[in-house]
Amino acid sequence: MSQTSKLLKAFREAGSRGLTNHYIANNLHILRYSARIADLRAEGYNIPAPIQQRMFMSKKLSGTFKYYLIEDNNDSHNR
């Protein structure tokens with residue numbers, strides 16, 4: 001399974017929870033995740049710009065970003 005396919009599968013399993021950059025790198029072992037997300041976007045998948053997460057119990061921004069796959073029920077990619 002390619003890294004792009006692996007990432008797409010993880011996005012679909014995560015649903016509305018999305019995936020953080022740390023999860024993608026550490027659990028899926030996809031280090032160039034931004035390139036794989038770009039590949040998915042090029043294929044027509046709707047993955048908006050990431051949302052930067054705030055540190056727990058702090059107003060400071062962390063280095064954690066969350067990505068979401070938005071799929072329309074009528075989307076031709078839903079197979």
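In helix H3 (residues 33-42), the buried residues are Tyr33, Ala35, Arg36, Ile37 and Leu40, where buried denotes a relative accessible area under 20%, as against over 50% for exposed and in between for partly exposed, with a 1.4 Å probe and protein chains only. Helices (H or I, at least four residues) and strands (E, at least two) are DSSP runs, numbered from the N terminus. The model is predicted, so that local features need pLDDT of at least 70 and side-chain atom pairs count only at pLDDT 80 or more, whereas totals for chains, interfaces and linings use all residues. Residues are numbered from 1 along each chain as its sequence is written, and side-chain values use heavy atoms, with hydrogens and water left out. After H3 comes Gly44, which has a positive phi, near 105 degrees.

Helix H1 comprises the 12 residues 3-14, for which a span of 16 Å is expected at 1.5 Å a residue, in agreement with the 16 Å that separates its end C-alpha atoms; the expected span is 1.5 Å times one less than the number of residues. Its buried residues are Thr4, Leu7, Leu8, Ala10, Phe11 and Ala14. Because these residues cover an arc of only 160 degrees around the axis, they lie on the same side of H1, the arc being that of the directions from the helix axis to the C-beta atoms. H1 is followed by Gly15, whose phi is likewise positive, near 60 degrees.

The axes of H1 and H3 are 9 Å apart and make an angle of about 80 degrees, so that H1 is roughly perpendicular to H3. Axes are lines fitted to C-alpha atoms, for helices over the stretch in contact, and angles run from 0 to 180 degrees between N-to-C directions; those under 35 degrees count as roughly parallel, over 145 as roughly antiparallel, 65 to 115 as roughly perpendicular and the rest as oblique. Gln3, Thr4, Leu7, Leu8 and Phe11 of H1 meet Tyr33, Arg36, Ile37, Asp39 and Leu40 of H3, contact meaning heavy atoms within 4.5 Å. Thr4 counts as buried because its relative accessibility is 14%, and, residues up to four places away in sequence not being counted, Thr4 touches Arg36, Asp39, Leu40 and Glu43.

A second threonine, Thr64, belongs to strand E3 (residues 61-67) and is buried, with a relative accessible area of 17%. The side chains of Thr64 and His22 are joined by a polar contact of 3.1 Å.

Key. A polar contact is a pair of N or O atoms within 3.5 Å; within protein, one must be able to donate a hydrogen and the other to accept it, and residues adjacent in sequence count only if both atoms are side-chain atoms.
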